[in-house]
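This briefing covers the chain as a whole, then one helix, and then several single residues. Please look over the sequence and the structure before reading on.

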Amino acid sequence: MSTEAAVFPCTPGGDIARSRARLRLFLWSLTAIVALAAVGAWITDRPGSALVAAVVALIPWTAWRMSGDLDPLFLRLDDGLLILQLRRQRLEYPAFGASGRELTSDEVDHLRGLATRSGFTGGSGGFDSHRLGEVEMFASDLAHCVLVEAGESRLVLTPDEPRRFHEALLESGPHG
């Protein structure tokens, strides 16, 4: 096993990046509209209504802030661990004995269908798929999907360089 950690960025792109941009526009617009209502209520000397509107304006803002908590920033293979650095947390899985493969275009299309609701494609979540089984997805761009089996976890990850990631994952195994 190498002493130097291999780092694999996860750059937002494709359906997920477009969905995040649309969600941001929607939630920030909603926040602005309700905040303007709070200002209007304050100006017209209705402090109770202004307070309620200000509190309500925090709801879509908070939803936007929390919606990206599970966005993957990068993956790292280091000292027998597969480390997923998400926006607000770090997850660790055993890399020793882990296996992985790139998903086929049909599998990616299937996964896209599972992750898309009301025109928004989510980048994270747990799915029970008839094609992939139970998987946890932490994706930034569905064009780079890799299915990883690490310990008892089955993960769909999206490193910018899926082949290089797959090779490094294999090297982290018992013969790497």
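Two residues are in contact when heavy atoms of theirs lie within 4.5 Å. Of the contacts in the protein chain with a separation of 6 or more, 52% are between residues 24 or more positions apart. The model is a predicted one.

**Overall form**

- The protein chain holds 4 helices and 11 strands. Its radius of gyration is 20 Å, whereas the globule rule gives 16 Å for 176 residues, so the chain is more spread out than a compact globule.
- The C-alpha trace spans about 75 × 35 × 25 Å along its principal axes.
- Of the 176 residues in the protein chain, 40% are buried.

**Surface and charge**

- The protein chain has an accessible surface of about 9,900 Å², and carbon and sulfur atoms contribute 58% of that surface.
- Among the side chains, 17 are positive and 22 are negative. The centres of these two sets are 9 Å apart.

**Helix 1**

- Helix 1 covers residues 14-43, which is 30 residues. At 1.5 Å a residue the expected span is 44 Å, and the end C-alpha atoms are 43 Å apart, so the two values agree.
- The buried residues of helix 1 are Ile16, Ser19, Arg20, Leu27, Thr31, Val34, Ala38 and Ala41.
- The cover over these buried residues includes helix 2, residues 47-67, and strand 7, residues 120-121.
- Arg24 also belongs to helix 1. Its relative accessibility is 34%, and Arg24 therefore counts as partly exposed, since buried means under 20% and exposed means over 50%.
- Arg24 and Trp61 are separated by 37 residues in sequence, and their C-alpha atoms are 9.2 Å apart in space.

**Positive phi in two loops**

- Asp45 comes just after helix 1, in the loop between helix 1 and helix 2. The phi of Asp45 is near 60°, a positive value in a residue other than glycine.
- Asp45 has a relative accessibility of 65% and so counts as exposed.
- Ser118 is not a glycine either, yet has a positive phi of about 55°. The loop that holds Ser118 runs between strand 6, residues 116-117, and strand 7.
- With a relative accessibility of 73%, Ser118 counts as exposed.
- Strand 7, which follows the loop of Ser118, is also part of what covers the buried residues of helix 1.

**Arg90 in strand 4**

- Arg90 lies in strand 4, which consists of residues 90-94.
- The relative accessible area of Arg90 is 42%, so this residue is partly exposed.
- Leaving aside residues up to four places away in sequence, Arg90 touches Arg76, Ile83, Leu84 and Gln85.
- Arg90 and Val52 are 38 residues apart along the chain, and their C-alpha atoms are separated by 36 Å.

**Two pairs to view side by side**

- For Arg24 and Trp61, 37 residues apart in sequence, the C-alpha distance is 9.2 Å.
- For Arg90 and Val52, 38 residues apart along the chain, the C-alpha distance is 36 Å.

How values were computed: Residues numbered from 1 in each chain as written. Predicted model: local features only at pLDDT ≥ 70, side-chain atom pairs only at ≥ 80, totals over all residues. Heavy atoms only, no water. Expected span 1.5 Å × (residues − 1). Buried < 20%, exposed > 50% of the residue type's maximum accessible area, 1.4 Å probe, protein only. Rg over C-alpha atoms; globule rule 2.2 N^0.38 Å. Areas by Shrake-Rupley, 256 points an atom, 1.4 Å probe, with all protein chains shown as cover. Lys, Arg positive; Asp, Glu negative; His and termini not counted. Charge placed at Lys NZ, Arg CZ, Asp CG, Glu CD.
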